[in-house]
Amino acid sequence: MSRRLGISLRFRREKSDLPEGESYYVATPRQLMWWKFRKHKLAVVALYVLGVMYLLALFAEFVSPYNPNVRHIRHLYAPSQKIHLYYEGRWHVQPAVYGLKFEIDPVTLREKYYEEKDKTYRLRLFCRGDQYRMWGLFESDIHLLGVEPGGTLFLLGTDRMGRDMLSRIIAGSRISLSIGFIGIILSFIIGLILGGISGYFGGTADLLIQRLIEVMRAFPAIPLWMGLSAALPMTWSPLKVYFAITVILSLLGWVGVARAIRGKFLALREEDFAVAAYLAGASRWRIIYKHLLPSFMSHIIVVLTLRIPHMIMGETALSYLGLGLRPPITSWGVLLKECQNVQDMAHHPWLLLPVLFIILVILSFNFVGDGLRDAADPYAA
Amino acid sequence: MINYIIRRIFYMIPTLIIISMISFAVIQLPPGDYLTTKIAQLQAQDELINVDLIEALREEYGLDQPIYVQYGKWVWNILHGDFGYSWEWQRPVEEVIGERILLTAIISFTAMFMIYLLAIPVGIFSATHKYSVADYLITIVAFVGLALPNFLLALLLLFIGYVVFDVSLVGLFSSEFANAPWSVAKVGDLLKHLWIPVIVVGTTSTAGRLRVMRGNLLDELNKPYVMAARAKGLSEVKLLLKYPVRMALNPLISGLSILLPQMISGATITAVVLGLPTTGPMLLGALRSQDVYLAGAFILLLCTLTVISTLLSDILLAWSDPRIQYE
């Protein structure tokens with residue numbers, strides 16, 4: 001998509017943005033790509049968003065205020081607590097939350113929560129709380145954010161069993177965000193092998209793989225995913241199920257990648273530099289890995305980035321249907337399983353909050369992919 | 001052209017064979033078969049077992065025979081219009097699924113219709129008003145639409161409908177029509193409820209097509225032939241619709257073939273969220289209870305539907321773009 005007008009507009013901006021003088025002409029491709037990517041402001045913002053999300057996922061135990069599986073039985077379906085700077089009659093620097101008072105509504109028999117304005121609990125950084133094992137390596141009970149003893153800190157409310165939603169969303173991000181990554185790596189490996197054979201060697205292999213790709217493309221993804229994941233034995237351990245789901249998602253995910261790789265191989269194998277390498281006596285293996293692959297890797301990265309959201313959506317959908325991951329694993333799809341009927345959602349709207357995180361992540365991946373697409377070809381200015 | 005169509009139909013045969021194999025493999029994956037679980041269940045509940053029926057069924061579908069024999073029988077029976085027996089519903093599969101496949105097809109095709117009806121004009125507008133406020137608005141909406149998976153949109157719509165407008169968006173028919181035989185009034189009732197699933201299923205793809213339409217049209221609008229036509233004094237509307245739009249439409253037509261699998265996929269999961277009487281909930285139930293012939297028939301039919309639509313879209317593309325060679 002070369003947008004001529006867009007390019008000319010962009011070119012003018014580029015002049016002012018780019019480093020002055022010779023540095024533009026001596027810059028490495030990597031630098032050029034980064035400069036170009038930087039110009040897509042939304043993509044840069046999205047990259048930061050993703051960075052924060054992945055950091056949260058990495059340090060989940062430390063960042064989340066509670067252990068995501070601990071039930072606060074006195075606070076079932078508690079709404080999200082507000083953070084106050086104005087309490088005890090004046091403004092403070094240290095934020096605080098009010099106590100939560102619980103009552104059963106005599107008419108609807110639903111739980112109702114009130115803020116107890118006379119009880120304030122200050123928030124603390126690096127506060128002691130639930131015990132956890134960081135990455136299964138060392139024990140700690142220090143959490144980034146906590147509250148004075150006696151108080152509760154449910155920033156995004158609690159669920160049916162009184163578990164803190166914020167902690168659960170952070171814990172779920174670890175699964176939901178990693179499944180996209182691992183899935184895309186698997187898709188890339190399958191796609192590279194099949195697309196590479198198909199594109200570089202051609203002939204009968206190409207014909208067969210092409211047919212296979214066509215068939216796979218004709219499959220409606222969700223019914224097939226449903227069928228495959230319904231076949232997973234209920235007795236499998238959560239870790240096994242996690243990897244099985246990843247494999248199932250990549251079973252259809254490789255198709256787009258293979259098509260892109262095949263197209264690139266077809267286009268590049270007749271290029272002068274590839275022919276030159278061949279005439280110089282380079283082996284096929286060497287031509288593919290030393291010459292062809294690096295020259296289109298940037299395009300493939302774009303394709304891969306844009307596929308990750310599909311993987312995340314697939315996991316969420318399967319888990320929502322009850323065919324994917326199951327508790328005790330926490331993923332965003334598993335969290336959304338709580339939203340099975342409208343009444344529940346209407347009375348406890350904070351149960352829908354994982355949706356916002358899913359949308360945020362998917363949007364960010366789309367923007368980053370968009371920015372990478374612009375940056376993939378740094379000389380096309 | 002006729003030759004091309006015949007060859008394409010011929011190409012469909014291996015595709016269909018592979019699809020039938022994958023469908024069969026999928027339904028055979030779970031360990032054990034329905035009969036063994038069912039018998040154990042009935043025995044546990046001290047219920048009477050119709051031994052003759054079960055033995056007859058076991059015989060008929062060759063559950064005790066090797067897998068390729070089972071596959072052969074399954075395909076052979078389907079070719080003779082017999083999709084097998086739904087253990088759960090105690091009825092032949094074709095009786096159970098007929099109407100549900102029809103409703104799924106109605107939702108999917110209506111959604112496709114809506115996608116093109118919206119994406120093409122809005123895409124044209126967006127491209128001709130590039131970088132205007134409206135274009136930015138459309139772009140933002142399109143990006144959010146792209147990022148919203150179908151079933152999440154369905155969840156949010158349900159939520160908003162219930163909380164803000166106090167209406168329940170669940171279902172495809174009003175209660176008085178749900179089990180009624182087909183009539184004009186029932187069709188009218190269907191149309192009243194159809195728009196919600198259609199919006200849910202169509203939004204993501206509409207957003208995608210809109211972006212494609214905009215991008216392609218922008219490419220075309222910058223080509224010299226447009227300038228030449230403008231210099232010759234062609235009216236702006238005619239200039240736009242007659243040449244660049246037609247060119248920009250091609251990728252959208254060829255994109256038809258992967259649109260239908262997406263629609264059917266989306267319709268399946270949307271139906272579960274919205275509780276529609278279509279394939280989705282029933283397929284889910286069949287998979288959960290290992291009702292293999294029912295699940296297999298669904299997967300097979302949904303896939304076949306998409307293969308046929310791929311063929312139709314290829315023919316449409318060949319017909320609309322004379323430059324395409326019928327190699």
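This dialogue goes through a helix, a cysteine and a whole chain in a predicted model.

Colleague: How far apart should the ends of helix 6 of chain A be, and what is the distance between its end C-alpha atoms?

Modeller: The general idea is to allow 1.5 Å a residue, so that the 37 residues of helix 6, residues 165–201 of chain A, should span 54 Å; the end C-alpha atoms lie 52 Å apart, which agrees.

Colleague: Where is the kink in helix 6 of chain A centred, and what phi does G202(A) take just after that helix?

Modeller: In helix 6 of chain A the kink is centred on S173(A) and amounts to about 25°, while G202(A), just after the helix, takes a positive phi of about 65°.

Colleague: Is C127(A) buried or exposed?

Modeller: A residue counts as buried when its relative accessible area is under 20%. C127(A), which belongs to strand 3 (residues 111–134) of chain A, has a relative accessibility of 6% and therefore counts as buried.

Colleague: Which residues is C127(A) in contact with, once neighbours within four places in sequence are left aside?

Modeller: With those neighbours left aside, C127(A) is in contact with D141(A), I142(A), H143(A), L145(A), G146(A) and V147(A). As for E148(A), 21 residues separate it from C127(A) in sequence, and the C-alpha to C-alpha distance between the two is 8.3 Å.

Colleague: What can be said of chain B in terms of helices, strands and buried residues?

Modeller: Chain B has 14 helices and 2 strands, and 50% of its 327 residues are buried. Among the contacts in chain B with a separation of 6 or more, 74% are between residues 24 or more positions apart. The accessible surface of chain B is about 16,000 Å², with 68% of that belonging to carbon and sulfur atoms.

Notes: Residues numbered from 1 in each chain as written. Chains lettered and ligands numbered in written order. Predicted model: local features only at pLDDT ≥ 70, side-chain atom pairs only at ≥ 80, totals over all residues. Heavy atoms only, no water. Helix = DSSP H or I, 4+ residues; strand = E, 2+ residues; numbered from the N terminus. Expected span 1.5 Å × (residues − 1). Bend = angle between axes of the 7 residues up to and from the residue. Buried < 20%, exposed > 50% of the residue type's maximum accessible area, 1.4 Å probe, protein only. Contact = heavy atoms within 4.5 Å. Areas by Shrake-Rupley, 256 points an atom, 1.4 Å probe, with all protein chains shown as cover.
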